[in-house]
Structures are given as structure tokens and as C-alpha cells.
Amino acid sequence: MTSDDGETGLRRGLTNYGDREFSAYLRRSFASSMGYGSEMLDKPIVGICHSASGFNNCHRHFPELIEAVKRGVLAAGALPIEFPTISLGEVFLSPTSLKYRNLMSMDVEEMARAQPIDALVLLGGCDKTVPAQLMGAASADIPAIQLVAGPMSTGRHRGERLGACTDCRRFWAKFRAGQIDAEEIGAVEQRLASTAGTCAVMGTASTMAALAETLGMMPAGAAAIPAVDSDRLRMAEQTGRIAVGLIGAADRRPSRIMTPEAVENALRVLLALGGSTNAIIHLTAIAGRLDIPVDLARLNALSDSTPVLVDLKPTGAGYMEDLHAAGGMPAILRELRHLLHLDCLTVTGETLGDRIAAADPWVDRAFIRPFAEPVRETGGLVALFGNIAPRGAILKRSAADPALFEREGRAVVFTSLEDLAARIDDPDLDVTEEDFLILQNAGPTSAAAMPEAGYLPIPAKLARAGVRDMIRISDARMSGTAYGTIVLHVAPDAASGGPFGLVRDGDRIRLSVEDRKLELLVDAAELARRAAAPASGPGAGAAATPARGYSRLYQEQILQADEGCDFGFLKGTG
Ligand code: FES
Ligand code: MG
């Protein structure tokens, strides 16, 4: 690949204030200060864009992976240069990691463009880092290949396998219900996340890795290799070699790989995985950078004809290490081949069809089912629409209880996260297991910036009585490792003035998964009256626009969930 000025390597994007050769001389001189020999500085450059951080446990093995990528790049004749971007360690960020995904995407995009880089390796893994890198690479549109951290291996507790973070929730629920004591939950705490790598189940990180492979942005089989396996180091080395092959290959830029057909393939795979609800937001944001719309009505159409094939937690039995041993993404893609656009080009130069033809036909059917004998007949996610969600809401039906799919119930409304925290465990809370728990003002435009709060806890008195699931509806998100009959991403959100904010305690709501409906059974005149009442009307929970800084940019630019929660000014190819 050549830059716009036709130069490669260190000469790419030289400043030109009248004497380009002086700029080149300065660059070589400063690069020499890092100990590179002169002939190294003549080579094209592969930038290794990574997100290692002391605040990112999932990426703690990146130094080793980076070394392996560098070996591959050097062996193929280019100069590898690593550089960090900000990192998004899922559990360490406040108020949410989602708030900073777009910031990281800007970091990736601008550094990929500003520095002398001929091809890019994107090294991420934790939930938001994979979409942030793909968004940035799509916008910069320089040749790029992704390498993910790979999943954690499972731990053990008293004979049981443990994997973050579905088992985190399972054990915490036992602790809340008084079934295990403080000493045991303390022991579990030490064993849930015991290796490098991303959460061990089909959560957001694993789903995004699978989608990145499906989109063609990674080599075949790369998504599911465990973080600590030597296969991942070999894959890293291979990734470095492939990156060198991308130099000068204009037809393998991200915009040529992530086409509308590739995005549709990714949607299919998301449904077949029973993957994370967050992934629909991220895929929409990635596609949006390339002017590719992701329509929730289309998601529903695909969902009807795409079975869930994968039996992994949080909805099933296995862990990511099992999926890898069972055949990984190539085996899943093979099962889905008649539904996929096989002529999509991937970053290695193969088409998706080529990859499927080359896949090992052996599959462990315990974790990857045949198309004709799926885990579930229909896709994992479904979009719901109605008077309180005119732009849609998402239900992960594969993680939900079908007995709750056709229900009418009474709303028990929490108007904010603070209200939820203050009252959910109140013994006097007027709630039964038939009620619908509603959480408002936790969407993208709220001050909370769309946290993973949609997994509302079962009120303590119901949990103690043995209630394990009930219908919960919010404009928030949910962790990809969580489960339950939980409607998320209601759009537009309450804080922006969406009609979801008009729901009041005691209202009746009808949920019909079959009809794809979420309806507030309150007449239009009453809703209009509520909307006109200033204190309680729509937007009552809106965050004040901060005076300065990134939070101000966020508040001014954030889009709704159905637009991927990107920033308005970052969308599109411009
Ligand atoms: Fe990084 Fe779960 S915390 S993937
Ligand atoms: Mg997560």
C-alpha cells in the first residue's frame, strides 16, 4: 500500500514545509535513536495497534502476542512497530466502557492515519476494544487485520468448572439467596478469572471475536483459540505475515472486506451463536462507519431462518475452550454455508467459501450442532417494536424463558439506577413475580451512559422465595454473559424523551415475542397528557450537558442504540 503521496515506510505522510528530504532525514535520525539499523528503516511498516493496559486483565499476555506478531512481520520482510491506544478494561471503567468505545475508535483511526503505517495489526479482545478497533480501521480504511486476545481457560471450584462471567452471576445469585456463605464466595472470587484472555463464555468479547472472523477481518479459526494456547502465538505470528501481504493490496482495505454482504453474514452468525445483545450495537456501529445500515426488521427476518447451533454458556453448557476444541468458527460457518454470502473476500485473500471448503470436517457435536438438529430452531436475538419502543428493543430469546414470551403484566417502574438501587430489595416493594420490572433513564443519552444494568436483580424477597426469572425491560444494556427474560436497548431511550419514559407504576404492558410486540396498554390521550406534564414528562431524566471535555462531546453526539451508539459526526465515509 502506498500513502497518498506515493511513499511507503518511514517516508509515508512526510511533512512538507518546503524541504521533504529534511523531514525524512529527521525521521530516520529519530528512529535511529531507537536502535534500528539503516536498512530496517527502508522497509515498509506494519503498525501493531494494541490495547495492553494495567487496567485490562484480559490483555495481560499482549507483550508475548506482540512479540509473535513482530516475528511474523520481520520474517515477511517488513518493519513491525507497536503502539498503544487507550484500552477499555470492561469492569474497571466508570460509568461504562461503552461511553469510551467511540473515544478509542477515534484514537485508533487517527493514529493509524497520522503515523507512517502501511498496514495495521489490531490487537484487542475485551468487549469494547474489538468494535472500537474495527470502527477506527473502517474509518481510516488502511489495510488491517485483527488479532484477538482469545478466551480465558476455565478454573475449578470444588469439582465444578468456572468461567467468567456467567458463573460469576450464578454464584453471586446463590450468595444473595443465602445458599453459600461469605467464605465460599471469597474462594470463588479467586478462581473465576484465573488466566489471561477474555471472558470464557459466549459473552460480548467472544461474540465480537466470532463476528470479526466472520466479517473476514481475521484468519480462519482465529476467534476461539484460548489465550494461553501456543496456537494463539502461532496465529499471532501468522497474523504478522499476513499483514505484510496486505501492503499495497488496495482490494483488501477494510471497506472492501466489510461489505453489506459480510455484515449480513455476521448478523447470521450472531443469531446462530445465541451471541451477546451488545454485539448488535457494535456491529451496527462498525457497519455505520462504512454507510452500511443494519436494520432491526432485517434482523428479525434473518432470525426466523437462522437456528442457534452453539451450546455454550450463558445459554447452554460449554465454554469457549470447548468451542475451539469442537472445531471453532470454521465448523459453525460450514453448518451455515447455505445461508451465507460465500463470495465475500477476507483479509487473507481467500473468500469465505474458500475457508469453509478448507475447514476440517470433524466437529464435536456436543458444542456445535448440525443445522438440521439445532439447539433452537430460531435465532438467538429478536427485535421488538411498539408504542414504547418505536425504534426497537432487543430480546435475547435464547437466554430467556419461553414461558414468559406471551405475557401481559403490571409495570413496577424504577426511574433511574439510583431509584433501582434504593428500592429493589425493599421488603415493602409492591411486586410479584407476574409483574414487569421497568428501568428508565439508563440509555445512551442518560448520565449513566447505557450501563449493563438491564439485568435487573430479582427483588430480594422474590429471590428468597425461589423466583429465578421475571420480565425486565429497560433502555440499558446487559452483559453478554447474563441471561433471563430481559428486554433491552429500548429506543429511543427515556432520557432523550422517548415514550418509554411515559411508563408509570401500575400500567399494563403486553409482551409478545411471536408478534414482535412491546405495547404499553395506555390510551394515546393519557400518554399525551403525561408527555405534556413537565416534571414527569419525557426527558425528565435527561443528563445535563457537561460544560467541557469528552463528556460534553459524548452528550452532544451520542446516537441511539438502533444507530449503534456511535457519534453522529463519526458515522459514514464522509
Ligand atoms: Fe474483558 Fe470480559 S472483562 S472480556
Ligand atoms: Mg461483558
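Strand 3, helix 4 and strand 4 form a right-handed β-α-β unit. Helix 4 covers residues 129–140, and strand 4 covers residues 144–148. I should say at once that the model before you is predicted.

Let us look at the two strands of this unit. Strand 3 and strand 4 run parallel and are joined by 5 bridges. As an example, V121 has I145 in strand 4 as its bridge partner. Strand 3 is also joined to strand 1, residues 45–50, by 5 bridges, and these two strands run parallel as well. Here C49 has L122 of strand 3 as its bridge partner.

How many residues of strand 3 are buried? Strand 3 spans residues 119–124, and 6 of its 6 residues are buried. Both of its faces are covered: A119, V121 and L123 lie on one side, with L120, L122 and G124 on the other.

We may now widen the view to the sheet. It is an open sheet of 4 strands in the order 2-1-3-4, with parallel pairing. Strand 2, residues 79–84, and strand 4 are at the edges; each has a single partner strand, so one side of each has no neighbour in the sheet. From one strand to the next, the twist averages 20 degrees. For strand 2, the partner is strand 1, and the two pair in the parallel sense over 6 bridges. Within that pairing, G47 stands opposite I81 of strand 2.

Let us return to helix 4. Which strands does helix 4 lie across? Helix 4 lies across strand 1, strand 3 and strand 4, and runs at about 165 degrees to strand 3.

Helix 4 also packs with helix 11, at an angle of about 10 degrees and with the axes 8 Å apart. At that angle, helix 4 is roughly parallel to helix 11, because angles under 35 degrees are counted in that way. Helix 4 contributes P131, L134, M135, A138 and S139 to the contact, while helix 11 contributes H282, A285, I286 and R289. By class, this contact has 6 nonpolar, 2 polar and 1 charged residues.

Finally, I turn to another partner of helix 11. Helix 10, residues 260–273, packs with helix 11, residues 278–289, at about 175 degrees, with axes 11 Å apart. These two helices are therefore roughly antiparallel to each other. In their contact, V263, A266, L267 and L270 of helix 10 meet A279, I280, L283 and A287 of helix 11. By class, there are 8 nonpolar residues in this contact, with no polar and no charged ones.

Methods: Residues are numbered from 1 along each chain as its sequence is written. Chains are lettered from A and ligands numbered from 1 in the order in which they are written. This is a predicted model: local features need pLDDT of at least 70, side-chain atom pairs count only at pLDDT 80 or more; totals for chains, interfaces and linings use all residues. A residue is buried if 20 or more other C-beta atoms lie within 10 Å of its own, exposed if 12 or fewer, and partly exposed in between; C-beta atoms are placed from the backbone. Two strands pair if DSSP finds at least two bridges between them. A crossover is right-handed if, with the strands pointing away from the viewer, the path from the first strand over the helix to the second runs clockwise. Axes are lines fitted to C-alpha atoms, for helices over the stretch in contact, and angles run from 0 to 180 degrees between N-to-C directions. Angles under 35 degrees count as roughly parallel, over 145 as roughly antiparallel, 65 to 115 as roughly perpendicular and the rest as oblique. Two residues are in contact if their C-beta atoms, placed from the backbone, lie within 7 Å. Ala, Val, Leu, Ile, Met, Phe, Trp, Tyr, Cys and Pro count as nonpolar, Asp, Glu, Lys and Arg as charged, and the others, Gly among them, as polar.
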